[in-house]
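Student: I would like to go through the labels given to parts of this model and ask what each one rests on.
Tutor: Go ahead.

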Amino acid sequence: MFPRLFEAEVQGRTEQVGAGQALVLGAGAVRRLRAVGGPAQALVAMAVGGQATVPGGDEKIPLPWAR
């Protein structure tokens, strides 16, 4: 069985983050996270009012955990 990974692209640089690892991103950093190798879960913390966009879109999406 392969460990579940996330691929994190931040400001054009791509890294892999595995089980038990942490990724700390600065405020305002453009980022894209993607599960690799199947379903995965992540613990996410951010400031109240955080929003997201999808690639190629301009719509701001409110995030339930940032309310």
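**Salt bridges and strand pairing**

Tutor: In this predicted model, Glu7 and Arg34 form a salt bridge, with their closest N and O atoms 3.1 Å apart. The pair links distant parts of the chain, Glu7 lying in strand S1 and Arg34 in strand S3, 27 residues apart.

Student: Why is the contact of Glu7 with Arg34 called a salt bridge?

Tutor: The cut-off is 4 Å between a side-chain nitrogen of Lys or Arg and a carboxyl oxygen of Asp or Glu. The closest N and O atoms of this pair are 3.1 Å apart, so the contact qualifies.

Student: How many salt bridges are there by this rule?

Tutor: The count is two. Arg13 and Glu15 also form one, with closest N and O atoms 2.8 Å apart.

Student: What makes Arg13 exposed?

Tutor: Its relative accessible area is 57%, and exposed means over 50%, so Arg13 is exposed.

Student: Why is Glu7 called partly exposed?

Tutor: Buried means under 20% and exposed over 50%. Glu7 has 24% relative accessibility, so the residue falls in between. Arg34, at 44%, is partly exposed, and Glu15, at 36%, is partly exposed as well.

Student: How do you know that S1 and S3 pair?

Tutor: Pairing needs at least two bridges, and six join S1 to S3, so the two strands pair; they run antiparallel. Glu9 stands opposite Arg32 in S3.

Student: What makes S1 and S2 a pair?

Tutor: S1 (residues 5-10) and S2 (residues 13-18) have six bridges where at least two are required, so they pair, in the antiparallel sense. Val10 has Arg13 in S2 as its bridge partner.

How values were computed
Residues numbered from 1 in each chain as written. Predicted model: local features only at pLDDT ≥ 70, side-chain atom pairs only at ≥ 80, totals over all residues. Heavy atoms only, no water. Helix = DSSP H or I, 4+ residues; strand = E, 2+ residues; numbered from the N terminus. Buried < 20%, exposed > 50% of the residue type's maximum accessible area, 1.4 Å probe, protein only.
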